[in-house]
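Trainee: I have a structure open on my screen and would like to talk it through. Could we go over it together?

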Amino acid sequence: MKKKKILVSILLLFTLFLGGCFSYKDMNRLHFITLAIADKDPAGRDVLYTESFAAYRGNTQEGGTIQRVLLETWGNTLPDALANIQTTAPFPTDYSVNKAIILTEKIAKEGIGPYLNGFERDQDISKKTFLFIYEDDPAELLNLEIKDEPYLGIYLENIMTFQGNQSRLLSIRLNDYLNERLQGSGINLLPIIEIQKEAIGERVEVTAAAVLVNDKMVDKISEDEILLYKLLNGDASHGEFSVPHPNEKGQFISLNILDHKVKENLSYDGYEATLSFDIKGIASIQAAEGPIKLLDENTRQDLINNAQNSSERNVRRFFEKFQERDIDLLDVKNRVEQKYPHADLKDILQRTKIEVNTEIEIQGSQVSTDFH
Amino acid sequence: MKMANFKLEDIKIKLENISDINYREIKCGRDLVTIVFFKNLCDTALIDDFVIRPLLYYDPSRLFKGINIKEITKEVILLGPAEKIDTLEEALSYLSSGNILIFFSSSQEVIFCDAKGYPSRAIEQSSTEAVIKGPREGFTEDINSNLSSIRRRLKTPDLKVETFQLGKQSKTEVNFLYIEGMAPKRLIDYVRRKINQANNKDYILYSNALEETLKCKGTPFDTIGYTEKPDIAAQKISEGRIVVMFDGTCFAVMAPYFFIENFQTTDDYTMNKYMANVGRAIRILAFSLATLLPGLYLALSTHHFKVFHSIFLFKMTIFRAGIPFPTVGELLIMLIFFQIIREAGIRLPQPIGSTLSIVGALILGEATVRAGFASQVTVVIVAIAAICSYLTPKLYIPIFTWSTIIVIFSSLLGLPGFITGFVLMVSHMAGLTSCGYPFLYPMGTLKTFKYQDVTSRGDLDRISKDVLTKDDNS
């Protein structure tokens, strides 16, 4: 018993010398990073911008004040910059509550792998952080004054957390990206943000998504293409799309997707692969440009036909666009390999054709019950 | 005929300089009778009516034959039992227990009889174990009154009462109660042996002398129970436990006593069972919060910031901005402040005590924040822990001890330290016994699990009555 007590006491004593992520920290003696931006300067050095919050003694008796602190450091590598940033602030920086990592377009085109590696290997950095691509000057982004949320990192996190299920919005966290980059064709999408210059006040919006092949940005997809991508992957539970008006030429009708199911199938005949999607959807009429005769059977059928044709056309265009650019966005190569392990995979994307069958049911329109 | 080996003069020498001793002399025929008693321990009206008056009216014609002590004890003195006494030690012992000694000038024999009569506190409502619906009667300092309270509830001849005297000089009367056939023999022998072991001092005035002999050593947990209410004592006796009552103490000691009983109240059995179960669940939750919350707060706020929502983290950081102490120091300061306030509230007279609590809670809490000793969040955490500790007052010292240990572990290692502290506490509790039974009973006794009244109680007719007996036999 005495030996056990001595052993436990020694073990407890050792804990006093533990360092790193297990060490004791007081929250008022830290800079909590909310946003990290990685960039490269013209000299080829890695630049790290951070946005953080830190508490300072205030004049009030109840507590202190909080300040938004912007830091900028350089290094030959990102870990160097991460280390150098410690010397620019009075208190140690803490990445455990970091909300967002933004990588500039310059870095994305060169390859984000080494940068993510830096964020990945630092155990202190939260892996739940959202990833973004930004195409302009990071300093401009950091100097924005968004009235309703002064912390850009929290602003971006809120968009992704509370609006991430929007059909035209793509969100991805660092841990998900680190997993997905090792799977399949090595093609991933990262949301692109930009400053909304035409709006009243200064805002940041998510406008598109960058297509990364093996961690290098090769292309971009628009918001509408994000919707198609999410629909085909079963990620979008709802969304809107427009189809030609059956009664008024040149006008459109907006449909709201209420529910949809995608059944995909792949066949391979020894040379050519066929990727087929059977899409069954339920939609309601969101808005119409001009009157529509919904009681007319032919009108309704025309509307359904327009919706189905429009969907099929859009999916086919989306696939063929990236097939031409040899970007395997729908992970065809991996799908063929999984189903036909002995298939010839060389240029399989170019030997793949797509079949789309859509069946859309339109369930009337939205009903307003209170006109007040 | 056996004579006493002492005289009245011996008593007078022994009781020199004692102002409350009374020597009452009366003539009984030609004989001078001296009645010795402590006027503060005896009822003088009783002595007048049932001792002096009969002696005065004693038939003088019979005195010619000389004093017949046997006749006097059987026919004259109406107080009972009146018996002869042989030694000076016995005489002094009876005298100080409220008996009277009667000396006869013509005889060397001395008799004594019980004439106890002293003021005692009336039976009042229990102040430490309040109930909503249930008996309110509490024990007093008079052991006979306490015994009658229990006897009225358990009208069975199997209720045995053994009497001991503790303290070589104080001779404090101790009653040892159990139901024969219900209480395990092993337990009875164990407690009886411990009572004898406890009798090693000249003066034993408090029941704690026995409690400490029965309790496990080196733990803040009470492994022996106590109660101020006769209904609880009777209930425990009926379950096969042993109750020990001390003269001069308004608490009865109960053995064995299990951890889970700290969460049980009389109301659990007198009120709607659903309400009782909610109340018990709240008490268990309160104990958990009081013990674990300070440590958990410290572990999370100094090692694992990411578990907090960022808005809350912002707030906490602002509150801590002007605090010069580390969080662990701040928390320990507040925990100790709270203990000081609590101790002061208990020690001060009641009207001032409640005022002090308000001062402590409102002014000191607010002032510590304004003075920069502690942040608002820490004050809230300590306040929640403090309020929670009020729900289980018998666990107040274990809560303080273990919450402090867990706080220290949490400050060293964060959540792993918190869990280590928690596991140590549970291991410590699991290692305790109460009169040979595991303190965490019925946990760890699954083969003979029949204590169906742990975290919740079922219908009263389904609760096991013979909690201990079968264990003893098996």
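Mentor: Happily; this is a predicted model, and we will take the sheets, the helices, the interface and some local details in turn.

Trainee: Let's start with the open sheet in chain B that has the order 1-2-4-5-3; which are its edge strands?

Mentor: This sheet has five strands with antiparallel pairing. The twist averages 30° from one strand to the next. An edge strand pairs on one side only, and here the two that do so are strand 1 (21–28) and strand 3 (83–85) of chain B.

Trainee: Within that sheet, what is the bridge partner of B:Ile35 in strand 4 of chain B?

Mentor: Strand 2 (residues 31–38) of chain B runs antiparallel to strand 4 (residues 99–104) of chain B, and four bridges join them. B:Ile35 has its partner in strand 4 of chain B, and that residue is B:Ile102.

Trainee: At what angle does helix 3 of chain B run to strand 5 of chain B?

Mentor: Helix 3 covers residues 69–76 of chain B and lies across strand 3, strand 4 and strand 5 (110–114) of that chain. Its angle to strand 5 of chain B is about 15°.

Trainee: Now the sheet with the order 6-7-9-10-8 in chain B: how much are neighbouring strands turned against each other on average?

Mentor: This open sheet is built from five strands, and the pairing is antiparallel. Its edges are strand 6 (159–166) and strand 8 (225–227) of chain B. With direction ignored, neighbouring strands are turned on average by 25°.

Trainee: Which residue does B:Met245 stand opposite in strand 10 of chain B?

Mentor: Strand 9 (residues 242–246) of chain B pairs with strand 10 of chain B over four bridges, in the antiparallel sense. Opposite B:Met245, in strand 10 of chain B, stands B:Ala252.

Trainee: Helix 6 and helix 8 of chain B pack on this sheet; what angle does the direction of each make with strand 7 of chain B?

Mentor: Helix 6 (residues 185–198) of chain B touches strand 6, strand 7 (172–179), strand 9 and strand 10, and its direction makes about 175° with that of strand 7. Helix 8 (residues 230–238) of chain B touches strands 6, 7, 8, 9 and 10, and for this helix the angle with strand 7 is about 50°.

Trainee: Are helix 12 and helix 15 of chain B roughly parallel or antiparallel to each other?

Mentor: Helix 12 (residues 327–347) and helix 15 (residues 396–413) of chain B have axes 10 Å apart and pack at an angle of about 170°. Angles over 145 degrees count as roughly antiparallel. The two helices of chain B are therefore roughly antiparallel.

Trainee: How do the residues of that contact divide into nonpolar, polar and charged?

Mentor: Helix 12 of chain B contributes residues including B:Leu331, B:Leu335 and B:Arg342, while helix 15 of chain B brings, among them, B:Phe400 and B:Val407. Over the contact between these helices, the division is seven nonpolar, three polar and two charged.

Trainee: How many salt bridges are there between chain A and chain B?

Mentor: The contact takes 32 residues from chain A and 29 residues from chain B. About 2,800 Å² is buried between the chains, 65% of it on carbon and sulfur atoms. Over all chains the structure holds 41 salt bridges, but the count between chain A and chain B is zero.

Trainee: Which residue meets A:Asp215 in a salt bridge?

Mentor: A:Asp215 sits in the loop between strand 8 (203–213) and strand 9 (216–221) of chain A. Its partner is in the loop between helix 7 (174–180) and strand 7 (187–196) of chain A, 34 residues apart from it. The N to O distance is 2.6 Å, and the partner is A:Arg181.

Trainee: Finally, is the peptide bond from B:Ala255 to B:Pro256 cis or trans?

Mentor: B:Pro256 lies in the loop between strand 10 (252–255) and helix 9 (267–270) of chain B. Most peptide bonds are trans. From B:Ala255 to B:Pro256, however, omega is near -5°, and the bond is cis.

Note on methods: Residues are numbered from 1 along each chain as its sequence is written. Chains are lettered from A and ligands numbered from 1 in the order in which they are written. This is a predicted model: local features need pLDDT of at least 70, side-chain atom pairs count only at pLDDT 80 or more; totals for chains, interfaces and linings use all residues. Side-chain values use heavy atoms; hydrogens and water are left out. Axes are lines fitted to C-alpha atoms, for helices over the stretch in contact, and angles run from 0 to 180 degrees between N-to-C directions. Angles under 35 degrees count as roughly parallel, over 145 as roughly antiparallel, 65 to 115 as roughly perpendicular and the rest as oblique. Contact means heavy atoms within 4.5 Å. Ala, Val, Leu, Ile, Met, Phe, Trp, Tyr, Cys and Pro count as nonpolar, Asp, Glu, Lys and Arg as charged, and the others, Gly among them, as polar. Two strands pair if DSSP finds at least two bridges between them. Buried area is the accessible area (1.4 Å probe) that two parts lose on being put together, summed over both. A salt bridge is a side-chain nitrogen of Lys or Arg within 4 Å of a carboxyl oxygen of Asp or Glu.
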